[in-house]
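Open the model in your viewer and switch to cartoon view. We'll go stop by stop, with something to select each time.

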Amino acid sequence: MAVSAPVRSPAAPRWAVVGNPENRRVGLFARAVEAVGDPPPRIVPWARVLREGGHAFADDEVVRLDSPGEDAEVDRLLRDLDEPTRVEGTGLWYRRLTAAVGTLRGGLRLDDPDELAVLFDKRLCHARLAAAGVPVPPSATSGAGRPLAGWEEVRAAAEELEATRFFVKPAHGSSASGVLAVETAPGGRVRATVPVEVTPRGDLHNTLRVRRLGDERAIARIVDALAPDGLHVERWMPKASLDRRAADLRVVVVSGRATHAVVRTSRLPMTNLHLGGARGDLAAVRALAGESWPEALEICERAAARFPGTLCVGVDLLPLAGWREFVVGEVNAFGDLLPGLTGLPGSGAEGLDTYGAQVAAVHRAPTDAPHRHQPRTQPKNQPRTQPRTQPRDDPRSAHAPR
């Protein structure tokens with residue numbers, strides 16, 4: 001699968017990054033650019049784009065979008081909230097962010113605006129993957145046609161899935177913000193694992209202290225508060241284990257190729273590292289998966305192929321019990337923050353971090369593959385792509401993430 005990457009002129013690319021200047025993501029990418037001898041990228045702050053209503057790039061600037069997160073001013077401009085830990089407001093965040101992306105003009109873009117709008121909506125992303133035959137958890141909210149008003153409708157959606165264990169996710173959330181892992185039992189008993197604290201006045205805040213709630217009324221209050229922003233409900237799949245801990249993988253795909261992978265393990269349903277998850281041994285995972293490992297990476301590449309105008313995505317891959325089957329939990333637009341992790345053997349990104357791999361991909365891009373963007377009011381048709389069908393390399397040397 002060849003991504004619609006930007007043209008590279010005979011001279012070094014002129015890089016531009018839309019991001020938060022003090023964010024380490026921007027710093028890591030700038031370091032990767034300078035490491036190959038290219039001029040430092042021009043940094044365009046998200047706050048400036050949001051305040052000024054857009055930005056214009058030169059025709060030959062290679063434009064990368066980075067996460068608008070971890071900046072209090074940007075968060076306030078996107079959600080109208082002065083408390084960055086608040087969970088609510090993701091619907092407004094989504095509308096304002098996608099509108100802001102649409103105001104960017106010119107340049108040779110690494111991130112397709114229409115695809116970003118899908119990547120930041122778990123319901124739309126799930127539907128796109130499912131339609132292409134990419135294995136995903138069964139969901140009652142796949143697509144855009146079923147808004148859920150609150151807990152009662154979430155329970156009904158789970159019953160349709162015949163799921164006694166399911167996840168409730170804010171449709172536009174990230175980093176497990178506002179996610180509930182729900183378990184039901186005969187007799188109407190309900191329990192939820194949540195990284196959320198509720199203030200006396202009912203505000204929801206992210207917390208690093210994950211809690212288990214056994215009071216259905218408390219669970220319902222959280223879900224009802226999140227419902228106006230949009231909810232996604234999917235079956236809780238039985239993950240494989242590593243060292244008696246649930247395990248999944250973040251796999252970074254650059255220009256159609258799975259280049260980096262990290263194992264995340266936890267005793268909780270959420271494996272996010274900031275919630276107490278830990279990196280696992282990738283060599284051990286490859287040994288457990290055996291002949292299924294190449295298929296696991298190809299599933300990630302097939303998922304990324306549904307977003308051919310986006311140079312890099314991070315795929316959350318869920319191994320099922322036994323390490324022989326895999327499903328895609330999510331595809332992340334800004335899923336490449338894996339500091340210090342170098343490329344998989346045989347990936348073409350050996351010795352490079354995720355940012356170096358992206359810079360190298362742009363340098364390899366054919367000069368007849370421009371990817372220019374102007375603001376538009378009508379969504380374009382999504383390009384068709386075919387997943388790579390030939391067997392991928394299966395190097396035997398181990399690769400352990402740091």
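A quick rule before you click: two strands pair if DSSP finds at least two bridges between them. Helices (H or I, at least four residues) and strands (E, at least two) are DSSP runs, numbered from the N terminus.

Some housekeeping too. You're looking at a predicted model, where local features need pLDDT of at least 70 and side-chain atom pairs count only at pLDDT 80 or more, while totals for chains, interfaces and linings use all residues. Residue numbers start from 1 along each chain as its sequence is written, and side-chain values use heavy atoms, with hydrogens and water left out.

**The whole thing**

Keep everything displayed for a moment. The secondary structure comes to eleven helices and 17 strands. Of the 402 residues, 57% are buried; buried means under 20% relative accessible area, exposed over 50%, and partly exposed in between (1.4 Å probe, protein chains only). Take contacts (heavy atoms within 4.5 Å) between residues at least 6 apart in sequence: 68% of them join residues at least 24 apart. If you turn on the surface, about 17,100 Å² is exposed, and carbon and sulfur atoms supply 50% of that (Shrake-Rupley method, 1.4 Å probe).

**Stop 1: the parallel sheet**

Select 14-19 and 61-65. These are β1 and β4, which run parallel and are joined by five bridges. For one rung of that ladder, pick R14: its bridge partner in β4 is E61.

Now widen the view to the open sheet of four strands, ordered β2-β1-β4-β6 with parallel pairing. β2 (42-45) and β6 (108-109) are at the edges with a single partner strand each, so one side of each has no neighbour in the sheet.

Carry on past β4 to E70, in the loop between β4 and α3 (72-79). Most residues other than glycine have a negative phi. E70 is not a glycine, yet its phi is positive, about 60°. E70 counts as exposed because its relative accessibility is 66%.

**Stop 2: the antiparallel sheet and its helix**

Next, select 165-170, which is β7. Which strand pairs with β7 in the antiparallel sense over five bridges? That's β11, where H232 is the bridge partner of K169.

β7 and β11 belong to an open, antiparallel sheet of five strands in the order β10-β9-β8-β7-β11. The edge strands, β10 (204-213) and β11 (231-235), each pair on one side only. On average, neighbouring strands here are turned by 25° against each other, direction ignored. Axes are lines fitted to C-alpha atoms, for helices over the stretch in contact, and angles run from 0 to 180 degrees between N-to-C directions.

Add 151-160 to the selection. This is helix α7, which packs on the sheet and touches β7, β8 (180-185), β9 (189-198) and β11, with its direction at about 135° to that of β7.

Colour α7 by burial. The buried residues are W151, V154, R155, A157 and A158. They sit on the same side of α7 because they cover an arc of only 160° around the axis, taken from the directions from the helix axis to the C-beta atoms. Their cover includes β7, β8, β9, α8 (216-226) and β11. Flip to the face turned away and you'll find exposed E152, E159 and E160. Just after α7, E162 takes a positive phi of about 55°.

**Stop 3: a buried strand**

On the way, click R244, in the loop between β12 (241-242) and β13. R244 is another non-glycine with a positive phi, about 65°, and it is exposed, with a relative accessible area of 79%.

Then select 312-319, strand β16. How many of its eight residues are buried? Eight. In a regular strand, side chains alternate between the two faces of the sheet. Here both faces are covered: C312, G314, D316 and L318 on one side, V313, V315, L317 and P319 on the other.

β16 is joined by six bridges to antiparallel β13 (245-254), where V252 has G314 as its partner. Six bridges also join β16 to antiparallel β17 (326-332), with L318 matched to V327. β16 and β17 make a hairpin with six residues between them, and G322 in the turn has a positive phi of about 105°.

**Last stop: cysteines**

Show C300 and C312. C300 counts as buried at 0% relative accessibility, and C312 is buried at 6%. With a disulfide taken as a pair of cysteine sulfur atoms within 2.5 Å, the count comes to zero.
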